[in-house]
Amino acid sequence: MTSLVSPASLLDGSQPLRAIIHVDIDYFYAQAEEVADPSLKEKPVAIQQKHIVVTCNYVARSYGIGKLELLTTARQKCPHLHIIDGSDITRYRRASRRIFELVKHLVNGATAASDDTGANWKVKVERLGMDELFLDVTDLIGDHLEDIRGPGGGDGGTPRKSRPRAGGSNGGSSRRITCDDPKGRATMWPDGEVVFRLPGGAEADSLAGYWSSGFSYPPNTWSAHLLSDDPSSVPAKSTPIHIQYLQIASHLATHIRSAIRSVLGFTSSAGVAHNKLYAKLVGGLHKPNDQTSLLPGDAARAFLDGMNLRKVPGFGYTTINMVREKLTNLDLEDSGTSAAAEDNDDVGCVDAGVDDPDWDAPERPDEAEKTQTSPSLTVQYLRTHPGLANLLNQLPTPQAQTLSALLNGIDPSPVIPTGPPSQITTEDSFRHCTTLLDALTRLRKLTETLIDRVQEEEYDTSPPKPRWRRHASTLRITIRRRRVSSNPTGWGDDRETKSVPCPVSIYDVATDVQARAQDLVKTTLYPLLKRMVTAPCTPPAKQGAAGDG
């Protein structure tokens, strides 16, 4: 039998001390359009993909418009809705990359530029999708505490005149501080502002600017909101070390969010906690453009208990359906009811792409919204369900242990630094494509996108001399055929792939992308495709091109 993990271990020292920040860019696609065109900020804006709204700004949400809503329904709610075609996500991908580059340089300084893999970063920065980041700032805060203690009491340093404070305002000063405990235990903070020096230092790089030098903050305080059992009970002069870490992390999170807004124009929300699970969840409490910190305890447990399972990382579409099916069967067995008799319209929960970035929106997004609000399936419902132990015993031990831990707020998963991609892929559904000539036209456009992305990811234009960071070794085409007999609009499960060595001609930046793409299609990709699909294409095939590093 799988035992449940007690959250008490978070406070008794058996769990490692950690400070995790989760940053979530507000309404990312729509905000990217606002950054590009500031006149949109006061207008209701929705981003369209196919026939649905994939996201919208908060002005549009005030009219009751939500994600995965049909465009016709959205227009009925807001006739003057400004709709932008978001089918080409290139501009969003570029904005995401700029945000990631800014943050990793901000907290790692020159190391971020010299190490693309993240192996030597002081702060591990993990990119989740296009609009979310995890940061493990534990070591950085540990260095900060050692820095302000220092030999003979430490030196908080003096911020330069225009150094920003946490929160984004300029100015502020810091006094020399003394250390009541030079042996490294919890610091007894004196009054006055404390300077947090970032790795960028005075020689700030051009990307993060003066934001990378550091900031000052008032000790023994929280930046923005705090979720805890009793915030007023924390003693101001003898703060426990795990609370110190999270307090400082809250000010660092504010500084990071301020830098993103100042440099790139994006507002963001953040969560600060002792693990990734809570950091991600608590960041959603006060949106947009705000943040919340969380301390372990009864309040944290109550917060997690009330969460719908679909919002909990690790409980994706497949896992939730499995949980519902097994618990339903257990309930039916206990009540003596036939499962067949209860087989009705209970279709379970749909996780809107959070755990599965390749999740395709259903044809009826309004129906998807109904399934997302499945009643009762909360963390508390599952954690306290009498059949939970039986369910866990039916699962592989690693999965059972992970689910048990998540239900109790335990998440030891590390922040994994995001390095360069191992492959770059573009794809097209090739709908209404019935001949090789049609496929040739689509293939040219697909190849232009691929070369453009390879150049964007791997061509470094920074001084002193532009250079390619890496070269792909393999070029690959993959197709997946449509089913004709049973479901003409469905995809087959089998994929067919052919690959060739990647031609060096795609790296000739002196030649424009269109010309390089046309040459690549003519000499390599189109002959390769003809070996896979005979003319006419029956049935048409979904195709993608990829370059492997």
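**Burial, cores and strand pairing in a predicted model**

User: Leaving aside its neighbours within four places in sequence, which residues is L406 in contact with?

Analyst: In this predicted model, L406 is in contact with L277, L304, P313, G314, F315 and D411, once the neighbours within four places in sequence are set aside. Contact here requires heavy atoms within 4.5 Å. L406 itself is found in helix α14, which covers residues 397–407. One of these contacts, G314, is 92 residues apart from L406 in sequence, while the two C-alpha atoms are 7.9 Å apart in space.

User: Why does L406 count as buried?

Analyst: The relative accessibility of L406 is 8%, and the cut-off for buried is under 20%, so L406 counts as buried.

User: How do you know that α7 is largely enclosed by the rest of the structure?

Analyst: The conclusion rests on a count, because 19 of the 24 residues of α7 are buried. The same helix, residues 241–264, also contributes the largest share of the largest nonpolar core, namely eleven residues. That core has 54 residues, and those with the most contacts inside it are I21 and L135.

User: Which residues does I21 touch, not counting residues up to four places away in sequence?

Analyst: With that exclusion, I21 touches L133, F134, L135, V137, A249, L252, A253, I256, G271 and V272. A second, separate core of 34 residues includes A300, M307, L327 and A400.

User: What span should the 24 residues of α7 have, and how far apart are its end C-alpha atoms?

Analyst: At 1.5 Å a residue, with the rise multiplied by one less than the number of residues, the 24 residues of α7 should span 34 Å. The end C-alpha atoms are 34 Å apart, which agrees with the expectation. Just after α7, G265 takes a positive phi of about 90 degrees.

User: What makes β4 and β5 the edge strands?

Analyst: The four strands form an open sheet in the order β4-β3-β2-β5, with mixed pairing, and β4 (69–70) and β5 (82–85) are the edge strands because each pairs on one side only, a pair requiring at least two bridges.

User: How do β2 and β5 pair, and over how many bridges?

Analyst: Strand β2, residues 45–49, and β5 pair in the parallel sense over four bridges. Within that pairing, V45 has H82 as its bridge partner, and Q48 stands opposite D85. By contrast, β2 and strand β3, residues 52–56, run antiparallel and are joined by four bridges, with C56 in β3 as the bridge partner of A46. The hairpin of β2 and β3 has two residues between the strands, and in it K50 takes a positive phi near 60 degrees.

User: In what sense do β6 and β7 pair?

Analyst: Strand β6 (residues 124–128) and strand β7 (residues 132–136) pair in the antiparallel sense over five bridges, and E126 stands opposite F134 in β7. Their hairpin has three residues between the strands, with G129 at a positive phi near 65 degrees.

User: Why is the sulfur of C56 too far from the closest cysteine sulfur for a bond?

Analyst: The closest cysteine sulfur, in C78, is 9.7 Å from that of C56, whereas a disulfide needs the sulfur atoms within 2.5 Å, so this pair does not qualify. By this rule the count comes to zero disulfides. As for burial, C56 has a relative accessible area of 1% and is therefore buried, and C502, at 12% relative accessibility, counts as buried as well.

How values were computed:
Residues numbered from 1 in each chain as written. Predicted model: local features only at pLDDT ≥ 70, side-chain atom pairs only at ≥ 80, totals over all residues. Heavy atoms only, no water. Core = buried A, V, L, I, M, F, W, Y, C linked by side-chain atoms within 4.5 Å. Buried < 20%, exposed > 50% of the residue type's maximum accessible area, 1.4 Å probe, protein only.
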